[in-house]
Every structure is written in C-alpha cells, then in structure tokens.
Amino acid sequence: MRSSIAPEKFNADSFRIFDKGWFLLTGGDFYRKSFNAMTVSWGGFGTMWGKPVVTVVVRPQRHTLKFLDAGEDFTLCAFGEEFKEALTFLGRNSGRDVPDKIAKAGLTPMRSDEVAAPAYTEAELVIECRKLYRGELKGKDFCEKSLIRECYPDGDFHYFFVAEVKAITGSDKYKKQF
Ligand SMILES: Cc1cc2nc3c(=O)[nH]c(=O)nc-3n(C[C@H](O)[C@H](O)[C@H](O)COP(=O)(O)O)c2cc1C
C-alpha cells in the first residue's frame, strides 16, 4: 500500500537507495501507450534551484533516452526484493529489441498522479519527476581522469537529468515517523 509522502518526510538511505536498491526509470506517456523503462543504480537526491530534485544518468545508447527527451517528465520506481530478477531483466534487455519487456518482467503500468510517465501497481515507491535540466558529461570536464578509462572505454558518456520531485508515494518504510 502506497500513500503520499512529502519530500521532507521522505525516509531513504541516501548512499544505498540507488546503489543497492535500484530504481526503474520510466519515460514516456501512459495514456498514449508510448513509454519505456530501464533499471538505474546511479543518481541521487538533493536540492537545486530551491527545489527538491533527483539526478539520473543515462547513456546515449539507451532506448529510454528517446522517451525521456520526448517528454517533460519521468518516474523512478522502487520495488521489493522479489522484483530484483525483474529489474535485472529490465536492466539487461533493451526495449529496442524486446518491445514488450515491461510486460515480460511482470510489471503492470498505471497512471501517475502528476506526470505523464507511468508508475507500476507493483511498486513500493513511486517518485514523479519533472525535468528541469539536461546535461552531457564530457571527457574534458572530468577532474578525475581515471574515471574516463574505468567507466567510459567506449566513449559513451552519460547524459544527466536534474528533475524536480513533484510527488512521492510509498509504503510506510519510506516515510519518516517523526
Ligand atoms: C543494476 C543496473 C543498474 C543500471 N544503471 C544504469 C544507469 O544508472 N544508467 C544507465 O544508462 N544504464 C544503467 N543500466 C543499464 C540499463 O538499464 C540497460 O542498458 C537497459 O537494458 C536499457 O534499456 P533500454 O535500452 O530499453 O532503455 C543499469 C543496469 C542494471 C542491471
């Protein structure tokens, strides 16, 4: 059961929620039946321009990037441990090759409250986000150059999106009790 959570009441382990928990990042439009999703484990929550924001990074070859670029928003959804296999599947298969990958993963898209991109009935946490900024990581701008060798041997530098958190719905474990 999910209920609404104000950003200041959002209870998350900042350095584990992406890295160990993973999110499903979905761009597109639920009502137009035009959307795609991919697993992400890099990103973070914070404050920019006086707003609660989330940042995600997406490599240029991801099919989901087209949907993120075409729309104004996206969702980030987290699931219970029993969906780890589904998220692994969604993070290893591209919607370009497997157009019905969301259904194959056993997930049921549903409308979001504030954005066009869908949420999922199975999600234990849904974060609805409106894009504020899209940027591109560039090799020349890395202060720590070893990251280029380590993370970008193919030169596929991430695009990044900073997005305003418009709505959060989650199970009680995501809600501060004080
Ligand atoms: C655990 C995990 C985390 C991932 N994190 C990211 C990420 O943060 N950014 C990214 O571009 N790709 C990431 N990926 C890879 C994409 O999810 C994967 O390439 C996916 O198949 C892309 O799907 P698409 O082509 O349908 O968009 C991750 C994959 C896994 C399994």
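# Why it is called that

Analyst: The side chain of Ser112 comes to 2.6 Å from the backbone oxygen of Ala117. The model is predicted.

User: What makes that a polar contact?

Analyst: The cut-off for a pair of N or O atoms is 3.5 Å. The value from Ser112 to the backbone oxygen of Ala117 is 2.6 Å. The pair therefore counts as a polar contact.

User: Which backbone nitrogen does the side chain of Ser112 reach?

Analyst: That of Ala119, at 3.4 Å. This value is also within 3.5 Å, so the pair counts too.

User: Where is Ser112 found, and is Ser112 buried or exposed?

Analyst: Ser112 is in the loop between β7 (109-110) and β8 (119-120). Its relative accessibility is 6%. Buried means under 20%, so Ser112 counts as buried. Leaving out residues up to four places away in sequence, Ser112 touches Thr75, Ala117, Pro118, Ala119 and Glu128.

User: Why is Thr39 called buried?

Analyst: Thr39 has 17% relative accessibility. The limit for buried is under 20%, so Thr39 passes. Thr39 lies in strand β3 (residues 34-40).

User: Which residues does Thr39 touch?

Analyst: Beyond four places in sequence, Thr39 touches Trp22, Phe23, Leu24, Leu87, Leu90 and Gly91. Its side chain reaches the backbone oxygen of Leu87 at 2.5 Å. The backbone nitrogen of Gly91 is reached at 3.3 Å. Both values are within 3.5 Å, so these are polar contacts.

User: Ser34 is in strand β3 as well. Why is Ser34 called partly exposed?

Analyst: Ser34 has a relative accessible area of 34%. Exposed needs over 50% and buried needs under 20%. The value for Ser34 falls in between, so the label is partly exposed.

User: How far apart are Ser34 and Phe67 in sequence and in space?

Analyst: They are 33 residues apart in sequence, with 8.0 Å from C-alpha to C-alpha. Phe67 is among the contacts of Ser34, along with Gly27, Gly28 and Asp29, when neighbours within four places are left aside.

User: How do you know how many disulfides there are?

Analyst: The count is zero. Cys143 is in no disulfide, and the nearest cysteine sulfur, in Cys151, is 14 Å away. A disulfide needs two cysteine sulfur atoms within 2.5 Å, so 14 Å is too far for a bond.

User: Is Cys143 buried or exposed?

Analyst: Exposed. Its relative accessible area is 81%, and the cut-off is over 50%, so the label fits.

User: How many aromatic pairs are there?

Analyst: The count is 13. In the pair of Phe23 and Phe45, the ring centres are 6.1 Å apart and the planes are at 75 degrees.

User: Why is the pair of Phe23 and Phe45 called edge-to-face?

Analyst: First check the distance: 6.1 Å is within 6.5 Å, so the rings pair. Then check the angle: 75 degrees is over 60, so the pair is edge-to-face. The pair links distant parts of the chain, with Phe23 in strand β2 (residues 23-29) and Phe45 in strand β4 (residues 43-48). Phe23 is buried at 0% relative accessible area, whereas Phe45 is partly exposed at 33%.

User: Which residues do ring pairs link into a cluster?

Analyst: Phe10, Phe18, Phe23, Phe45 and Tyr174.

User: What makes Lys84 count as lying over the face of Trp22?

Analyst: Lys84 is 4.2 Å from the ring centre of Trp22. The distance limit is 6 Å, so that part of the test is met. The charged end of Arg134 sits over the ring of Tyr159, 4.3 Å from its centre.

User: Which residues of the largest nonpolar core touch the most other members?

Analyst: Phe23, Leu25, Phe74, Leu76, Leu125 and Ile127, out of 25 residues. Strand β10 (159-170) gives the most to this core, with five residues. A second, separate core of 16 residues includes Phe35, Phe83, Leu107 and Tyr120.

User: Which residues of helix α2 (residues 63-70) are buried?

Analyst: His63, Thr64, Leu65, Phe67 and Leu68. The buried residues of α2 pack against several strands, including β2, β3 and β5 (51-58).

Note on methods. Residues are numbered from 1 along each chain as its sequence is written. This is a predicted model: local features need pLDDT of at least 70, side-chain atom pairs count only at pLDDT 80 or more; totals for chains, interfaces and linings use all residues. Side-chain values use heavy atoms; hydrogens and water are left out. Buried means under 20% relative accessible area, exposed over 50%, partly exposed in between (1.4 Å probe, protein chains only). Helices (H or I, at least four residues) and strands (E, at least two) are DSSP runs, numbered from the N terminus. Contact means heavy atoms within 4.5 Å. A polar contact is a pair of N or O atoms within 3.5 Å; within protein, one must be able to donate a hydrogen and the other to accept it, and residues adjacent in sequence count only if both atoms are side-chain atoms. Rings of Phe, Tyr and Trp (its six-membered ring) pair if their centres lie within 6.5 Å; planes under 30 degrees apart count as stacked, over 60 as edge-to-face and the rest as tilted. A charge sits over a ring if NZ of Lys or CZ of Arg is within 6 Å of the ring centre and within 35 degrees of the ring normal. A nonpolar core is a set of buried Ala, Val, Leu, Ile, Met, Phe, Trp, Tyr and Cys residues joined through side-chain atoms within 4.5 Å.
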